[in-house]
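Here are some short exercises to work through with the model open beside you. Try each task before reading its solution.

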Amino acid sequence: MLHGKRILLIIGGGIAAFKSLELIRLIRKSGGSVTPVLTRAAQEFVTPLSASALAAEKVYTSLFDLTDEAEMGHIELSRSADLVVVAPATADLMAKMAGGHADDLASTLLLATDTPVLVAPAMNVRMWLNPANQRNVATLEADGVHRIGPDEGDMACGEYGPGRMSEPADILGAIEARLADGPLTGQHVVVTSGPTHEPIDPVRYIANRSSGAQGTALALALSGLGARVTFVTGPASVPPPPGVSVVRVETANEMLAAVRSALPADAAVFAAAVADWHVEAAKGKIKKDGSGKPPTLKLSENPDILATVSQMKKGRPKLVVGFAAETDDVVANATAKRKRKGCDWIVANDVSPETGIMGGHENAVTVIDAEGAEEWPRASKEQVARRLAQRIADALA
Ligand code: C5P
């Protein structure tokens, strides 16, 4: 059931738009509320009046409607929902989403939102299979956009194949699954992720190869179990997941400050690859002085964020989880690290180059807690994240 949940429903211009009217009815029957947004093309298939009558809400159609801006800006409109649903998601609308366009109300809302997005594609089979469309689908998937369908079957254009929009009852099921309360509902989890950049001078910095993939997958999995997630991320190469509160930082010191201000939390997971040292950065760009002698960089130790939070006397999260990227004696080193830092669990992995783990799609971890070491089989970073999120939920239960 969707009691109290708010859905922003973007209706694209396709013959399947008529099914979206049924979807509005089903969402309301399930206890949710719907704010419909119709693209210009959608209005050729269904009228704003029908959508508004079924939703019992104002319908939005234009970016330049100043009255709407006074009532509710497009940023607020895009963020006040629990879920943004695009149904039907036409090839054109998905191309705009994948390309980051913002030339009408629907695409602007989709670019501005920080809530999770679910698309229900609908188009001709050839359009669906077209490589350009498939590239866009893959991009949206990588961006964390959820998708239901399309289904395979007879199409309005007389062809047969994948391209039919999923049935409204199935879309409702996907919406309910996305918004279902999970074991972590009501719990706040702070996750750090990505590398840090430590400036040498205004144009150079010291960094590391962390992509942020494991931390991102973990934040997504935790929020999938209902947690409110604050995601403190360094300059990662993968985008942050949808539906979490993102705090972007560069340096270890900024990361510590962001974590402190995100507390209190029920759990904190430190997946970031934090630089151990920072440089006493020069104010201006360091130049070669012609002497042939390289400059000396003066390094100072960074604060250990994991150890600082683990050893907090007041307001320590109930569960503190650290990661240990090791190249040899993985379990022994990680076990010692758990003790030294004072965290509850250490998730250890072997990042020797031959494992392909650092910057790759898979991970093989050993979870070390007070009871001992638990070796998990090699799996995708998403699968490791889901298992770890479930273990965290069990520990907080
Ligand atoms: O000591 P080491 O860097 O191997 O420890 C790794 C763990 O400690 C990771 O969980 C990492 O996020 C955390 N860490 C931290 N602050 C640092 C260094 C590491 O939070 N300055």
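**Exercise 1.** In what order do the 5 strands of the open sheet lie, and is the pairing parallel or antiparallel?

*Solution.* Keep in mind that this is a predicted model. Going across the open sheet, the strand order is S2-S1-S3-S4-S5, with parallel pairing. Next, look at the edges: strand S2 (33-38) and strand S5 (146-147) each have a single partner strand, so one side of each has no neighbour in the sheet. Then move inward to strand S3 (residues 83-89), which pairs with strand S4 (residues 117-121) over 4 bridges in the parallel sense. To place that pairing, find Val-85, whose bridge partner in S4 is Leu-118.

**Exercise 2.** Find the polar contacts of the ligand with Leu-306, Phe-323 and Lys-337.

*Solution.* Start with the backbone. An N or O atom of the Leu-306 backbone is 2.8 Å from a ligand oxygen, and for a backbone N or O atom of Phe-323 the distance to a ligand oxygen is 2.7 Å. Now turn to a side chain: an N or O atom of Lys-337 lies 2.3 Å from an oxygen atom of the ligand. How much of the ligand's own 450 Å² of accessible area does the protein cover? The covered share is 86%.

**Exercise 3.** Describe the shell around the ligand by element and by class.

*Solution.* First, the place: the ligand takes up the space of the largest pocket. Helix H12 (305-310), strand S16 (319-326) and helix H13 (330-341) each give two or more residues to the shell. Finally, sort by class: 7 residues are nonpolar, 1 is polar and 3 are charged. Among the surrounding residues are Phe-270, Asp-304, Gly-322 and Lys-341.

Terms used. Residues are numbered from 1 along each chain as its sequence is written. This is a predicted model: local features need pLDDT of at least 70, side-chain atom pairs count only at pLDDT 80 or more; totals for chains, interfaces and linings use all residues. Side-chain values use heavy atoms; hydrogens and water are left out. A residue is near a molecule or strand if one of its heavy atoms lies within 4 Å of it. A polar contact is a pair of N or O atoms within 3.5 Å; within protein, one must be able to donate a hydrogen and the other to accept it, and residues adjacent in sequence count only if both atoms are side-chain atoms. Accessible areas come from the Shrake-Rupley method with a 1.4 Å probe; for residues, only the protein chains shown count as cover. On a 1 Å grid over the protein atoms alone, a cavity is a set of points where a 1.4 Å probe fits but cannot get out, and a pocket is an open set with protein on both sides within 12 Å along at least five of seven lines; lining residues have an atom within 4 Å of a point. A molecule sits in a cavity or pocket if more than half of its atoms lie within 2 Å of its grid points. Ala, Val, Leu, Ile, Met, Phe, Trp, Tyr, Cys and Pro count as nonpolar, Asp, Glu, Lys and Arg as charged, and the others, Gly among them, as polar. Two strands pair if DSSP finds at least two bridges between them.
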